[in-house]
Amino acid sequence: MKATTIQQFFKQFPDDTTCLKHLFDVRYGQEHTCSNCNTQSKWYRLANRPVYSCGKCGNHIHPTAGTLFEGSRTSLQLWFFAIYLFTKTRSGVSAKELQRQLGVTYKCAWRMGHEIRQHMGFVDGNAPLDGEIEVDVTYIGGHREGKRGRGAEGKTILFGMLDRDGDIMTKVVADTKGVTLKGI
């Protein structure tokens with residue numbers, strides 16, 4: 001079930017335990033082979049700790065290790081809800097909005113937003129550009145009679161960013177209005 005409304009989200013992820021179980025299942029699953037005893041066994045959650053233990057040898061797995069949740073004292077449910085907010089808005093989520101929605105400090109909200117954006121960039125394959133960046137828009141589609149440039153019929157708009165170190169990021173956009181480019 002994919003959460004599409006806030007009500008559905010909180011039904012799917014009512015507490016931190018459910019979020020941790022989801023994280024474990026997505027990353028490892030119950031059919032996970034233990035790296036210590038090399039067998040597939042049942043995995044059990046240790047009481048009051050965000051850790052799963054192998055049913056055969058007791059080896060521990062920390063589902064949050066190597067994720068943006070690692071080392072955070074903020075509840076997993078708040079992290080999941082912040083990610084949900086990012087997936088449900090077209091123009092991004094500001095730190096002030098996260099602060100209001102999650103009931104956390106501005107510093108915490110800013111850090112969460114920063115971590116989520118950074119993770120989304122790497123997942124999308126677009127590592128963040130840095131340094132001096134050049135930005136341009138071009139219209140692709142060959143020569144046609146009539147209007148040229150902005151607003152030309154049947155042209156594809158390509159938005160590109162290039163950092164001086166050679167990294168480039170491009171995206172096809174519907175139009176060049178500020179609202180469309182703001183989300184990029």
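1. The sheet. In this predicted model, 3 strands form an open sheet whose order is 1-2-3, with antiparallel pairing. The edges are taken by strand 1, residues 43-45, and strand 3, residues 60-61, each of which pairs on one side only.

2. Register between strands 1 and 2. Strand 2 covers residues 52-54 and is joined to strand 1 by 3 bridges, the two running antiparallel. For anyone wishing to check the register, Arg-45 is the residue that stands opposite Tyr-52 in strand 2.

3. Helix 3. This helix takes in residues 76-88, and because a rise of 1.5 Å a residue is expected, its 13 residues should span 18 Å, which agrees with the 18 Å that separates its end C-alpha atoms. The buried residues of helix 3 include the aromatic side chains Trp-79, Phe-80, Phe-81, Tyr-84 and Phe-86, and they also include Leu-76, Gln-77, Ala-82 and Leu-85.

4. Order of elements. The chain contains 6 helices and 6 strands, and, read from the N terminus, these elements follow one another as α-α-β-β-β-α-α-α-β-β-β-α.

5. Burial and surface. Of the chain's 184 residues, 28% count as buried, where buried means under 20% relative accessible area. The area that the chain exposes is about 12,400 Å², and carbon and sulfur atoms supply 51% of that area.

6. Contacts along the sequence. When contacts in the chain are restricted to residues at least 6 apart in sequence, 40% of them join residues at least 24 apart.

Technical notes. Residues numbered from 1 in each chain as written. Predicted model: local features only at pLDDT ≥ 70, side-chain atom pairs only at ≥ 80, totals over all residues. Heavy atoms only, no water. Helix = DSSP H or I, 4+ residues; strand = E, 2+ residues; numbered from the N terminus. Buried < 20%, exposed > 50% of the residue type's maximum accessible area, 1.4 Å probe, protein only. Contact = heavy atoms within 4.5 Å. Areas by Shrake-Rupley, 256 points an atom, 1.4 Å probe, with all protein chains shown as cover. Pairing = 2+ DSSP bridges. Expected span 1.5 Å × (residues − 1).
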